[in-house]
Amino acid sequence: MRKQGILAFLAAVLCTVLLVGCGGGPQQSGGASGGKNKLVIYTSMKESLIGGIVEGFKKKYPDIEVDYQSAGAGKLMAKIAAEKQSGHILADVIWTSEVPDFYKMKADGVLENYKTPVFGELLNPFDDYDGTFTAARLGTLGIAYNTDKIQSAPTQWADLTQPAFTNAFGIADPALSGTSYMSIALLQKQFGWEFFEKLSANQTRIGKGAGQVIDDTSSGELSACLAVDYITNNKVKKGAHVALAYPPELLVVPSPVAIFKESNNIDAAKKFVDYLLSQEAQTMIANEGTLPVRSDVEIPEKFGLPKPEEALQRAIKVNYTEILPQKEETIKKFTEIIGKK
């Protein structure tokens with residue numbers, strides 16, 4: 001038993017080192033939520049999105065110290081599993097885009113039930129909502145393409161099987177990226193595995209994280225990729241020669257936020273969730289080029305995004321509880337299909 005405890009502790013330390021290496025937010029000493037007013041957030045959102053929201057929260061609640069760690073959903077869940085095994089989950093709040101993970105955490109009994117008082121003002125994509133987790137963003141994924149290499153924007157998912165994208169289209173590794181996994185699950189539901197067989201025949205590549213495939217598209221290593229809205233739009237803002245195209249079958253991936261039941265800072269965690277869902281924070285989300293969960297927030301026209309209500313209507317529908325047991329199998333089959341050459 002002593003040996004198992006030591007191994008679990010070492011696993012937790014290793015996961016923390018990996019996260020820090022991934023470029024998370026400000027790292028406070030210790031990284032735990034043991035302090036009275038120290039809030040720890042685990043998120044898969046990139047700095048361009050989470051940074052401003054945390055700063056806005058700190059201005060509103062200057063007495064609450066905040067530490068956030070940003071990494072892919074897969075790494076975050078591995079870290080949480082190691083922490084749980086060692087005796088205590090260090091985070092107070094989790095905000096990612098891998099919806100099935102939240103259903104699993106709910107089933108495991110690690111999430112606090114908290115129905116925000118602003119829920120009536122939100123667009124809710126979950127038919128079975130019970131307060132365990134709440135959508136804080138409606139992420140969209142489209143086809144990001146390098147405008148120097150692709151002259152005509154793709155209009156259909158089937159366009160990715162054409163010669164212009166041979167050995168030049170990338171999809172982030174679904175074992176690392178929650179948005180990638182969710183998108184693959186949605187596309188498989190809509191078009192079947194035959195679609196991915198055709199992508200494989202056209203030499204589609206498996207990239208690393210969601211940000212990396214967009215970087216590779218921007219640099220010209222790829223001509224296009226399956227891309228997260230706000231990460232792509234942030235690249236465009238910095239001058240990258242990329243654009244986003246949205247086929248009719250829209251990929252909408254909610255990003256839930258939840259509070260861990262054993263948090264030492266439940267009140268601060270609730271304040272953060274409420275702030276994240278407020279008009280102020282949701283406006284920041286919209287200004288980064290992704291969809292808010294409020295209809296009273298204006299979305300800049302330059303992003304070419306549909307209104308949240310329209311996005312939910314156009315979105316490929318999925319039953320999250322049905323795809324949860326299939327997650328490992330889906331990732332394995334995708335990797336086998338796209339990885340074969």
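User: Where does UniProt place the feature "binding site"?

Analyst: The unreviewed UniProt entry puts that feature at Tyr-230. The structure shown here is a predicted model, and in it Tyr-230 falls within helix H8, which covers residues 229-237.

User: Why is Tyr-230 called buried?

Analyst: Its relative accessible area is 2%, and a residue is called buried when that value is under 20%, so Tyr-230 meets the criterion. Setting aside residues up to four places away in sequence, Tyr-230 touches Ser-44, Met-45, Lys-46, Ser-48, Leu-49, Arg-137, Glu-288, Gly-289 and Thr-290.

User: What is the volume of the largest pocket, and which residues are closest to its centre?

Analyst: The volume of the largest pocket is about 670 Å³. Of its 30 lining residues, Ser-44, Lys-46, Ala-210, Gly-211 and Ile-231 are the closest to the centre. Two or more lining residues come from each of helix H2 (47-60), helix H3 (73-86), helix H5 (178-191), helix H7 (210-219) and H8.

User: Which residues of H7 are buried, and what do they pack against?

Analyst: The buried residues of H7 are Ala-210, Gly-211, Val-213, Ile-214, Asp-216 and Thr-217. These residues pack against strand E5 (134-146), strand E6 (169-171), H5, strand E8 (224-228), H8 and strand E9 (242-245). After H7 comes Gly-220, which has a positive phi near 100°.

User: How do you know that Pro-256 is buried?

Analyst: Pro-256 has a relative accessibility of 0%, and since the cut-off for buried is under 20%, the residue satisfies it. Pro-256 sits in strand E10, residues 251-260. Apart from neighbours within four places in sequence, Pro-256 is in contact with Ile-94, Trp-95, Thr-96, Ser-97, Val-99, Phe-102, Phe-126, Phe-133, Thr-134, Ala-135 and Ala-136. As for Thr-132, it is 124 residues away from Pro-256 along the chain, and the C-alpha atoms of the two are separated by 9.7 Å.

User: What makes a space count as a cavity, and how many cavities of 30 Å³ or more are there?

Analyst: A cavity is a set of points where a 1.4 Å probe fits but cannot get out, and by this rule there are 3 cavities of 30 Å³ or more. The largest cavity holds about 50 Å³ of space, and its lining consists of Glu-112, Tyr-114, Gly-131, Thr-132, Phe-133, Thr-134, Val-257, Ala-258, Ile-259 and Val-273. The largest share of that lining, 3 residues, is supplied by E10.

User: Why does the largest nonpolar core lie between domain 1 and domain 2?

Analyst: Of the 107 residues in this core, Leu-39, Trp-95, Phe-196 and Phe-260 touch the most other members. Domain 1 (38-138 + 252-306) and domain 2 (140-251 + 324-339) both contribute residues to the core, and therefore it lies between them. In soluble globular proteins, nonpolar side chains tend to be buried together.

User: Which residues is Leu-39 in contact with, leaving aside its neighbours within four places in sequence?

Analyst: The contacts of Leu-39 are Phe-57, Ile-64, Glu-65, Val-66, Asp-67, Asp-92, Val-93, Asn-265, Ala-268, Ala-269 and Phe-272.

User: What percentage of the residues in the chain is buried, and how many helices and strands are there?

Analyst: Of the 341 residues in the chain, 54% are buried, and the chain has 13 helices and 10 strands. Among contacts with a separation of 6 or more, 76% are between residues 24 or more positions apart.

Methods: Residues are numbered from 1 along each chain as its sequence is written. This is a predicted model: local features need pLDDT of at least 70, side-chain atom pairs count only at pLDDT 80 or more; totals for chains, interfaces and linings use all residues. Side-chain values use heavy atoms; hydrogens and water are left out. A nonpolar core is a set of buried Ala, Val, Leu, Ile, Met, Phe, Trp, Tyr and Cys residues joined through side-chain atoms within 4.5 Å. Buried means under 20% relative accessible area, exposed over 50%, partly exposed in between (1.4 Å probe, protein chains only). Domain bounds come from an automatic or database domain assignment. Contact means heavy atoms within 4.5 Å. UniProt positions are given in the numbering used here, feature names are shortened, and annotations may be inferred rather than shown by experiment. Helices (H or I, at least four residues) and strands (E, at least two) are DSSP runs, numbered from the N terminus. On a 1 Å grid over the protein atoms alone, a cavity is a set of points where a 1.4 Å probe fits but cannot get out, and a pocket is an open set with protein on both sides within 12 Å along at least five of seven lines; lining residues have an atom within 4 Å of a point. Grid points are joined across faces, edges and corners, and a volume is the space filled by probe spheres set on the points.
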